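Visitor: I am new to this structure and should like to learn how its features are read. May we go through it together?

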Amino acid sequence: MSKSKVGNFFEDFSLGQVIRHAAPRTVTVGDVALYTALYLPRFAVQSSAAFAQAIGYREAPIDDILVFHFVLGKTVPDVSLNAIANLGYADFKFLAPVYPGDTLTANSEVIGLKENSNKETGVVYVRSTGKNQRGETVLDYARWVMVKKRDKDAPVGPEVVPTLPKSVAPADLGKAVPAINVAAYDKDLAGSPYFWGDYEVGEKIDHIDGMTVEEAEHQIATRLYQNNSKVHFNQYYEAQGRFGKRIIYGGHVISLARALSFNGLENAFHIAAVNGGRHVNPLFAGGTVFAWSEVLDKAEIPGRSDIGALRLRLVAAKDHPPADFPLTTAEGKPHPDVLLDLDYWAVLPR
Amino acid sequence: MSKSKVGNFFEDFSLGQVIRHAAPRTVTVGDVALYTALYLPRFAVQSSAAFAQAIGYREAPIDDILVFHFVLGKTVPDVSLNAIANLGYADFKFLAPVYPGDTLTANSEVIGLKENSNKETGVVYVRSTGKNQRGETVLDYARWVMVKKRDKDAPVGPEVVPTLPKSVAPADLGKAVPAINVAAYDKDLAGSPYFWGDYEVGEKIDHIDGMTVEEAEHQIATRLYQNNSKVHFNQYYEAQGRFGKRIIYGGHVISLARALSFNGLENAFHIAAVNGGRHVNPLFAGGTVFAWSEVLDKAEIPGRSDIGALRLRLVAAKDHPPADFPLTTAEGKPHPDVLLDLDYWAVLPR
Amino acid sequence: MSKSKVGNFFEDFSLGQVIRHAAPRTVTVGDVALYTALYLPRFAVQSSAAFAQAIGYREAPIDDILVFHFVLGKTVPDVSLNAIANLGYADFKFLAPVYPGDTLTANSEVIGLKENSNKETGVVYVRSTGKNQRGETVLDYARWVMVKKRDKDAPVGPEVVPTLPKSVAPADLGKAVPAINVAAYDKDLAGSPYFWGDYEVGEKIDHIDGMTVEEAEHQIATRLYQNNSKVHFNQYYEAQGRFGKRIIYGGHVISLARALSFNGLENAFHIAAVNGGRHVNPLFAGGTVFAWSEVLDKAEIPGRSDIGALRLRLVAAKDHPPADFPLTTAEGKPHPDVLLDLDYWAVLPR
């Protein structure tokens with residue numbers, strides 16, 4: 001039997017199974033530089049040690065989405081190497097800041113299993129946890145993916161679908177944010193006069209700018225995250241695949257959209273939680289990504305007078321300037337240009 | 001009103017206005033690695049901490065042009081997002097070394113305004129200053145750009161054109177260079193036996209090598225500098241634009257030409273000042289950049305017996321090996337293959 | 001005479017000549033991040049400071065092949081700028097770990113010279129040595145390349161061909177590996193239960209995954225190594241050259257194959273020595289690289305009960321999934337899809 005692995009199939013998972021993922025990763029300023037070069041983020045807290053320290057961080061924290069990419073990347077070889085669709089996220093919380101020099105590891109627990117009626121695939125629900133070298137949880141989320149069966153006739157256990165919250169409660173937000181010295185928060189350097197109190201529920205923001213993606217860029221990004229999902233790198237296979245070309249890692253679109261959202265959300269310096277999200281359409285190299293946001297809700301965070309939370313819908317669209325805020329068609333179907341529909345809580349000074 | 005920004009137009013600027021630019025940036029060894037990977041610089045002082053320390057630096061300083069890119073990048077959202085041409089630089093001086101860990105911020109003062117006769121555009125002159133986290137100025141320069149008017153009929157103030165020096169005086173050079181221990185400067189490691197005294201005014205150097213530029217490369221570079229100028233990243237818009245394709249950031253050509261100039265100027269380890277410069281033609285992906293230099297002048301630096309200055313013309317050309325030193329046509333017009341004509345002061349050991 | 005260099009030709013070398021190469025280089029975590037982003041390596045020792053420290057390293061060491069790229073890159077301007085073929089490696093040993101912050105320099109001694117019968121080229125044999133800032137040798141290897149003559153009629157010295165060992169002896173392995181605390185080696189985090197004792201001579205491993213290479217990627221890599229070999233970057237010249245396109249640096253294929261070999265060799269955390277290697281065919285952008293390995297031999301390392309050595313053949317192939325282990329054709333010729341045939345010693349815990 002070969003020592004190399006082809007990943008788990010649906011029937012390989014069992015309820016309650018805990019997987020300790022391989023490839024622990026020390027995060028460095030090298031990763032930060034690459035992340036900047038790949039997406040053009042400009043949030044002052046992550047970009048400037050001096051800014052971060054002035055308001056209360058030990059140093060400039062690692063971008064939240066980059067932390068997510070590292071944790072997710074570790075889970076791929078065990079959880080989703082044979083996935084055919086990433087179905088959703090829930091109860092997704094950042095719980096501690098990550099700094100350069102920290103080492104991330106990841107575990108996943110199987111919290112649900114549901115075979116599809118065609119018996120060729122099933123849905124695997126996992127709760128994945130990223131920890132630092134001191135064992136502190138930095139990120140915790142539920143994710144469900146549709147995974148192929150190796151053998152259509154393999155017996156599977158009873159169907160278990162976990163109950164997951166529709167959104168993360170305000171009391172669970174901001175745990176990765178130290179006490180912020182708002183008086184020291186320099187709005188000129190941050191790039192905007194608008195704090196938490198200046199946003200209204202229902203407000204929509206056109207983030208204006210667009211970013212064209214090249215093959216080399218998404219490959220460099222996805223390798224940086226040590227995400228070895230097959231479809232992103234292998235043109236030899238993908239030429240014969242569903243689309244005839246490499247599929248860009250969905251997380252690449254999240255990072256692009258988040259970086260684009262700086263224009264209009266400059267002080268939304270932290271993603272505290274993700275309530276849900278969907279990769280509506282795949283992206284391929286050559287596409288230009290645009291983004292817009294809508295304020296879905298506003299919340300005070302219990303015990304925090306320094307920061308407040310905005311619940312935001314972040315929508316990315318391909319080759320479609322977002323001035324008309326594309327989301328659904330007249331018939332109520334997903335707009336064909338929409339790539340991503342993400343529902344998250346951002347933290348801003350107040 | 002949307003909270004996102006579309007940049008300033010000509011009529012938005014006022015004489016004497018001071019803009020504190022957003023996106024403070026801590027420079028790291030991650031940025032240095034990317035810079036090396038994008039251009040192939042080999043100057044020993046910037047490449048080796050051991051070399052730099054042996055001759056008197058605290059550690060390996062950040063490449064001068066990289067410092068420029070960071071400072072310029074910060075000014076773009078406020079100064080040149082609606083520029084249609086970058087017209088010139090003057091009185092451009094590096095005043096202190098930048099090391100990994102330093103945080104850069106930038107300010108610009110509007111020092112001149114001149115509406116064009118078509119009333120559709122105007123020239124904005126700014127003096128931009130980059131500072132480190134201790135408030136020390138590391139870079140100071142005047143730049144002028146042609147900026148669109150939002151409204152042709154908008155009234156504008158009186159024309160003011162600043163007087164700028166044709167060149168930086170030798171006494172203003174070398175402030176970013178500590179006292180150099182020339183005896184400890186290892187010519188083998190640096191790659192050349194030629195010091196300041198070995199170059200003659202009028203000498204021309206063919207830098208021989210060429211470098212082909214890919215879309216992913218210039219996009220990665222320009223994002224690294226957090227330069228969000230629209231024309232570099234957005235193929236969706238540029239397909240309908242002036243050239244039908246993305247325009248490579250002019251600074252990318254400066255960095256390529258500077259790195260190519262190592263072959264023949266190995267000991268010109270520091271750019272002390274830029275007297276002037278012009279992006280003669282745009283560059284697009286697929287072009288191969290070559291470079292040549294001419295020694296325009298030599299100067300002792302008052303008070304410095306360790307280093308001397310060479311005034312150099314650095315010319316970059318596209319798809320044109322530089323053995324014939326392309327610059328102008330027989331009719332005296334700019335050569336169509338020339339991309340860049342830069343006039344700067346370099347510092348060498350003496 | 002121009003101060004720029006065109007590299008040495010065969011008649012410029014003399015037996016016993018020692019060349020101190022230029023461009024000393026401080027290795028940083030920025031280089032590590034780029035290396036990860038270019039190849040997707042996942043070996044825990046190099047990826048995680050916490051993992052490396054737990055088993056006995058001071059911190060996460062620099063990937064062995066990255067150290068090789070840096071050392072080789074320094075030799076290129078002097079040794080192989082006018083090479084037309086890289087013929088072989090022998091007696092290639094890693095002798096000390098390299099950590100972020102170390103500065104690498106390189107020397108080469110000419111140990112053999114052999115003019116070819118056509119008098120247009122000759123073979124140059126060098127022993128190249130990479131040292132750190134304390135003067136400790138970190139890498140030592142013999143390499144021979146075919147170099148053009150500038151002048152067919154130039155007289156050359158007597159033919160000297162050095163005697164080089166067919167393989168590195170087990171007693172010479174593992175000098176770059178500190179005493180390993182095998183009890184602290186976490187197999188889950190490393191990604192495999194298989195240690196040295198679990199591999200059998202003759203065992204073949206299909207590494208399964210493939211990686212498509214883009215022009216921007218190999219250019220970024222090769223510049224990172226400050227390897228200025230002409231054929232990798234200059235499409236203007238290569239369009240008129242042998243293949244009509246840029247040739248990917250052979251070391252890029254080594255790094256890809258090594259990173260792919262993680263799947264099945266997860267605990268082969270260190271390359272101790274290279275016995276020999278051949279770039280069988282060139283690779284061009286757009287090709288997808290696959291890899292397979294064969295265990296050629298197993299050896300105990302004298303004095304080391306913590307680690308053992310596997311002699312491995314690592315074969316990379318282009319656009320050819322390696323399930324059939326391509327190597328030679330039915331006629332015994334090199335398989336046209338094979339890119340690399342590398343014979344090396346890997347170290348694993350025992």
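**A buried threonine and the contacts between chains**

Guide: Thr103(A) is buried, because its relative accessible area is 4%, under the 20% that marks a buried residue. The model before us is predicted.

Visitor: In which element does Thr103(A) lie?

Guide: Thr103(A) belongs to strand 4 of chain A, which covers residues 103–115.

Visitor: Which residues does Thr103(A) touch, leaving aside those up to four places away in sequence?

Guide: Within chain A, Thr103(A) touches Pro24(A), Arg25(A), Thr26(A), Lys131(A), Asn132(A) and Gln133(A). From chain C, Thr103(A) touches Ser48(C), Ala49(C) and Ala50(C). With Thr26(A) there is also a polar contact from side chain to side chain, at 2.7 Å.

Visitor: How is the size of an interface expressed?

Guide: It is often given as the accessible area lost when the parts come together. For chain C and chain A, this buried area is about 3300 Å², with 58% of it on carbon and sulfur atoms. Within chain C, the residues that lose the most area to chain A are Ala37(C), Arg42(C) and Leu189(C), which together account for 17% of what that side buries.

Visitor: How many residues does the contact take from chain C and from chain A?

Guide: The contact takes 45 residues from chain C and 37 residues from chain A.

Visitor: How many salt bridges does the rule find across the interface of chain C and chain A?

Guide: The rule finds 6 salt bridges there. One salt bridge joins Lys3(A) to Glu203(C), whose closest N and O atoms are 2.5 Å apart. Residue pairs in polar contact across the interface of chain C and chain A number 22. Several elements of chain C give two or more residues to the side that touches chain A, among them helix 3 (49–55), strand 7 (204–206) and strand 10 (288–301). The largest share of that side, 8 residues, comes from helix 1 of chain C. By class, the side of chain C has 23 nonpolar, 11 polar and 11 charged residues.

Visitor: Let us turn to chain B. How many residues does its contact with chain A take from each chain?

Guide: Chain B supplies 37 residues and chain A supplies 44 residues. Lys3(B), Arg20(B) and Arg223(B) lose the most area to chain A among the residues of chain B, together 23% of what that side buries. Chain B and chain A bury about 3300 Å² between them.

Visitor: Which residue of chain A forms a salt bridge with Arg223(B)?

Guide: The partner is Glu217(A), and the closest N and O atoms are 3.1 Å apart. Helix 6 of chain B gives the most to the side of chain B that touches chain A, with 6 residues. That side has 14 nonpolar, 15 polar and 8 charged residues.

Visitor: Do chain B and chain A meet through alike or different surfaces?

Guide: Only 14% of the interface residues of chain B are also interface residues in chain A, so the copies meet through different surfaces.

Visitor: What turn lays chain B on chain A?

Guide: A turn of 120 degrees, with a shift of 0.0 Å along the axis, lays chain B on chain A with an RMSD of 0.0 Å. The two copies are therefore related as by a three-fold rotation axis.

Visitor: Which residue of chain B comes closest to the rotation axis?

Guide: Gly30(B) does, its C-alpha being at 2.2 Å from the axis.

Notes: Residues are numbered from 1 along each chain as its sequence is written. Chains are lettered from A and ligands numbered from 1 in the order in which they are written. This is a predicted model: local features need pLDDT of at least 70, side-chain atom pairs count only at pLDDT 80 or more; totals for chains, interfaces and linings use all residues. Side-chain values use heavy atoms; hydrogens and water are left out. Copies are superposed by least squares on the C-alpha atoms of residues with pLDDT of at least 70 in both. Contact means heavy atoms within 4.5 Å. Buried area is the accessible area (1.4 Å probe) that two parts lose on being put together, summed over both. A salt bridge is a side-chain nitrogen of Lys or Arg within 4 Å of a carboxyl oxygen of Asp or Glu. Helices (H or I, at least four residues) and strands (E, at least two) are DSSP runs, numbered from the N terminus. Ala, Val, Leu, Ile, Met, Phe, Trp, Tyr, Cys and Pro count as nonpolar, Asp, Glu, Lys and Arg as charged, and the others, Gly among them, as polar. Buried means under 20% relative accessible area, exposed over 50%, partly exposed in between (1.4 Å probe, protein chains only). A polar contact is a pair of N or O atoms within 3.5 Å; within protein, one must be able to donate a hydrogen and the other to accept it, and residues adjacent in sequence count only if both atoms are side-chain atoms.
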